[in-house]
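I opened a fresh page for this one and kept the notes short. Here is what I looked up, in the order I went.

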Amino acid sequence: MVNLDEVKAAKQQISDLIHRTPVLTSGLLNERTGNEIYLKAEHLQKTGSFKIRGATNAVKRSIEEGAQFITAASSGNHGQAVAYIADQLGVPATIVVPEDANRAKVAAIEAYNGKIVYCGLTSADRIPKAQQLAEENGGVYIPPYDHPLVIAGQGTIGLELLEQVPDIEIIVVPVGGGGLISGILTAVKEIHPAIRVVGVEPETANDTYLSLANKQITAISGTTTIADGLRTSQPGQLTFPILQELLDDLVLVSEDEIKEAFQFTLERTKQLIEPSGATALAAVLSGKLETRGKKIGVILSGGNVDLKQMDQFLPE
């Protein structure tokens with residue numbers, strides 16, 4: 001299990017390389033929900049998502065320990081984050097992406113000087129390839145969420161939010177593989193155990209919801225949710241026990257609710273977030289938290305949107 005000291009150490013490690021992201025508010029959002037909502041703007045983070053926090057912590061430590069080459073398996077935010085920070089620290093990185101990877105995402109990785117290797121269509125294809133490349137080149141493979149340094153890095157969001165809104169009562173977090181929420185739980189629950197932390201998954205990508213209900217890691221088949229950053233098939237071996245021990249609740253949101261939150265954020269706050277980043281807000285807007293008069297932090301986890309696909313993210 002990751003602990004608070006490791007999250008604090010991660011904050012020291014990464015603070016000079018990432019942004020301290022702002023907290024945004026909206027009077028209309030408060031009025032509509034009956035709560036005080038504080039939007040933690042990780043879509044304004046370097047590389048456009050929270051992923052840079054964990055990637056920076058893990059890559060920096062690996063380089064300090066002698067790594068001369070970094071790999072990752074991801075065509076999305078994690079791949080961009082690893083490519084960026086490796087480049088900033090002067091170490092080459094190769095990102096293994098699926099053969100049908102979105103061209104815009106590949107271009108973003110390449111913009112950070114990441115080398116692209118195409119392999120298969122699933123993570124089961126990509127991960128072994130990335131691990132093989134790391135082993136062959138004296139490098140280190142950085143997983144997207146199931147790694148203690150990655151979890152600790154993501155937990156720095158929790159530390160920042162407690163500094164920015166000290167009397168926060170509830171924190172709502174999107175859940176994919178569980179690295180983000182595990183880190184936040186680790187940071188927040190050791191400092192203020194009474195703060196409720198609520199996870200949110202798409203209804204069609206409910207692997208963590210099922211795993212918690214079954215009290216064991218439960219895999220699902222593929223999903224077509226628009227929240228593509230949350231399309232994991234199961235929670236991580238390291239992240240799941242943290243959720244089992246510390247998570248207060250997990251709710252599911254529909255595709256329509258995600259779309260409504262995406263549109264609300266764009267129209268009313270003038271912020272462009274990705275559907276995965278809209279998922280936590282969707283839980284608040286839909287009333288699924290069943291709260292009134294509370295101070296609620298909502299993690300907007302990322303803003304990397306393919307503009308050519310935006311019509312798919314809006315309500316009909």
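Is T265 buried or exposed? I should say at once that I am working from a predicted model. I looked up the accessibility and found T265 buried, at a relative accessible area of 1%. Since the cut-off for buried is under 20%, T265 counts as buried because its value is 1%.

Next I placed T265 in the fold: it belongs to helix α11, which covers residues 255-268. Leaving aside residues up to four places away in sequence, I listed K270, Q271, I273 and L281 as what T265 touches.

Then I turned to the sheet. I traced six strands in an open sheet with mixed pairing, and I wrote down the order as β1-β2-β10-β7-β8-β9. At the edges I found β1 (23-24) and β9 (249-253), each pairing on one side only. I followed β1 to its partner β2 (residues 36-41) and noted antiparallel pairing over two bridges. For V23, I found the bridge partner K40 in β2.

I also checked what packs on the sheet. Helix α8 (residues 179-191) lies across β7 (170-174), β8 (196-202) and β10 (295-300), and I noted an angle of about 175° to β8.

Last entry: which side chain of opposite charge is nearest to R126? I found D100, 6.2 Å away, and R126 has no salt bridge although it is buried. I located R126 in helix α6, residues 123-136. Again setting aside residues up to four places away in sequence, R126 touches A73, S74, V96, V97, P98, C119 and L121.

How values were computed:
Residues are numbered from 1 along each chain as its sequence is written. This is a predicted model: local features need pLDDT of at least 70, side-chain atom pairs count only at pLDDT 80 or more; totals for chains, interfaces and linings use all residues. Side-chain values use heavy atoms; hydrogens and water are left out. Helices (H or I, at least four residues) and strands (E, at least two) are DSSP runs, numbered from the N terminus. Buried means under 20% relative accessible area, exposed over 50%, partly exposed in between (1.4 Å probe, protein chains only). Contact means heavy atoms within 4.5 Å. Two strands pair if DSSP finds at least two bridges between them. Axes are lines fitted to C-alpha atoms, for helices over the stretch in contact, and angles run from 0 to 180 degrees between N-to-C directions. Lys and Arg count as positive and Asp and Glu as negative; His and the chain ends are not counted. A salt bridge is a side-chain nitrogen of Lys or Arg within 4 Å of a carboxyl oxygen of Asp or Glu.
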